[in-house]
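Reader: Hello! I am new to this structure and would love a close look at one part of it.

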Amino acid sequence: MLKGRTIGFIGGGNMAEAVIKGLLAGGVPAGGLMVAEPMAERREFLRSTYGIGTYAANGEVAAKADTLIMSVKPQVFRGMAAELGESGLEGKLVISIMAGIPTGAIEEACGTSTRVIRVMPNTPALVLAGASALCPGKNATDNDLALAREIFDLVGTACLVDEKLMDAVTGLSGSGPAYVFMFIEALSDAGVKNGLPRDVATQLAAQTVLGSAKLLLETGSHAAVLKEKVTSPGGTTIAGVAALERDSFRSAVIAAVDAATARSVELGKK
Ligand SMILES: NC(=O)C1=CN([C@@H]2O[C@H](COP(=O)(O)OP(=O)(O)OC[C@H]3O[C@@H](n4cnc5c(N)ncnc54)[C@H](OP(=O)(O)O)[C@@H]3O)[C@@H](O)[C@H]2O)C=CC1
Ligand SMILES: O=C(O)[C@@H]1CCC=N1
């Protein structure tokens, strides 16, 4: 379905780069990808690193691409869409990765008949290990949804959710890599505190997170069951688990996802 499509990114920042890199690694030809980005230095970086077409004007990409991935910050979206104008977006499939902005608001800004798919990806897309959730706007066809799914399946895994759950997805997996990196950093610091060299501590911490996630996904076991298998009676792990419980580790994680979800809701309001 992706064959022969031209995909244009409006905004060439971190997340656009993650998806571009993933798509190229997944076999999408560079000739089918382009990006509109205001910063000349950034355009040069994206052109020389990935061999894709880069443009200063959003209108040029909107004119050339049949599918547009809106990858600007939510705060600049409405101004950007107004500048582009409804005529500049006519007939395009608009895929938004912007946090918070509902499909209805995108349709309102781009033209009420615009076909919109809302996606929340995450930065591990850069290494084809992203987690994305998608939902269609009211004009999107099954083909549009299938195309968007193909794009985000190429850079990791993609699932379909009801739009009312997109803010929770944003708080969990969209922002989630930041929480995981904080956890890895903390594990590494703790290793160093206990005498490990930094490189060894970071390698052990990162591989522990990667391996534990792989074990859970591949066995389909409940996290609590896998935790129990590590935790010997009177052993080391239960001493660590008790310390985490004392310092409200789980409660802190839940509060982080709650706060990020609430912020996503807020970003969606005008
Ligand atoms: N980062 C992440 O982990 C994730 C981000 N997202 C979403 O992806 C979107 C992009 O985020 P992220 O990549 O982190 O942000 P970045 O700031 O890295 O990227 C946004 C890019 O858009 C450019 N830009 C600014 N104004 C315009 C404009 N009017 N027209 C075209 N381009 C413009 C910026 O240029 P300049 O720097 O010069 O202003 C920048 O290069 C956001 O909506 C975010 O919610 C979704 C999932 C995860
Ligand atoms: O922090 C943000 O707003 C974006 C959305 C999800 C991850 N990063």
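Which residues does UniProt list for "domain: Pyrroline-5-carboxylate reductase catalytic N-terminal"? Please take me through that part and what lies around it.

Author: Happy to. UniProt, in an unreviewed entry, lists residues 6-100 for "domain: Pyrroline-5-carboxylate reductase catalytic N-terminal". Please keep in mind that what you see is a predicted model. The average pLDDT of the protein chain is 95, and 100% of the residues score at least 70. For the complex, the predictor gives a pTM of 0.96 and an ipTM of 0.98.

Let us begin with the makeup of that part. Helix accounts for 48% of the chain over residues 6-100 and strand for 20%. Between the C-alpha atoms at the two ends of this span there are 26 Å.

Now pick out one residue, Leu 23. You will find Leu 23 in helix 1, which covers residues 14-25. Leu 23 counts as buried because 25 other C-beta atoms lie within 10 Å, and the cut-off for buried is 20 or more. Who are its contacts? Leaving out residues up to four places away in sequence, Leu 23 touches Val 28 and Leu 33, and also Ile 151, Leu 154 and Val 155. Take Val 155 from that list: 132 residues separate Leu 23 from Val 155 in sequence, yet their C-alpha atoms are 6.3 Å apart in space.

Next, step back to the domain division of the protein chain. Domain 1 runs over 7-169 and domain 2 over 176-268. Taken over C-alpha atoms, the centres of domain 1 and domain 2 are 31 Å apart. Eleven residues from domain 1 and seven residues from domain 2 make up the contact. On the side of domain 1 that touches domain 2, seven residues are nonpolar, three are polar and one is charged.

The UniProt record has another entry to set beside the one you asked about. Also unreviewed, "domain: Pyrroline-5-carboxylate reductase dimerisation" is listed there for residues 163-267. That span is 83% helix and 0% strand, with its end C-alpha atoms 15 Å apart. For residues 6-100, recall, the values were 48% helix and 20% strand.

Finally, have a look at ligand 2. Around ligand 2 you will find Ala 99, Thr 170, Gly 174 and Ser 175. By class, this shell has one nonpolar residue, three polar residues and no charged ones. Of these, Ala 99 brings us back to where we started, as the listed span is residues 6-100.

Note on methods:
Residues numbered from 1 in each chain as written. Chains lettered and ligands numbered in written order. Predicted model: local features only at pLDDT ≥ 70, side-chain atom pairs only at ≥ 80, totals over all residues. UniProt positions renumbered as here; feature names shortened; annotations may be inferred. Helix = DSSP H or I, 4+ residues; strand = E, 2+ residues; numbered from the N terminus. Buried ≥ 20, exposed ≤ 12 C-beta atoms within 10 Å, placed from the backbone. Contact = placed C-beta atoms within 7 Å. Domains from an automatic or database assignment. Nonpolar A, V, L, I, M, F, W, Y, C, P; charged D, E, K, R; others polar. pLDDT = per-residue confidence, 0-100. Near = placed C-beta within 6 Å.
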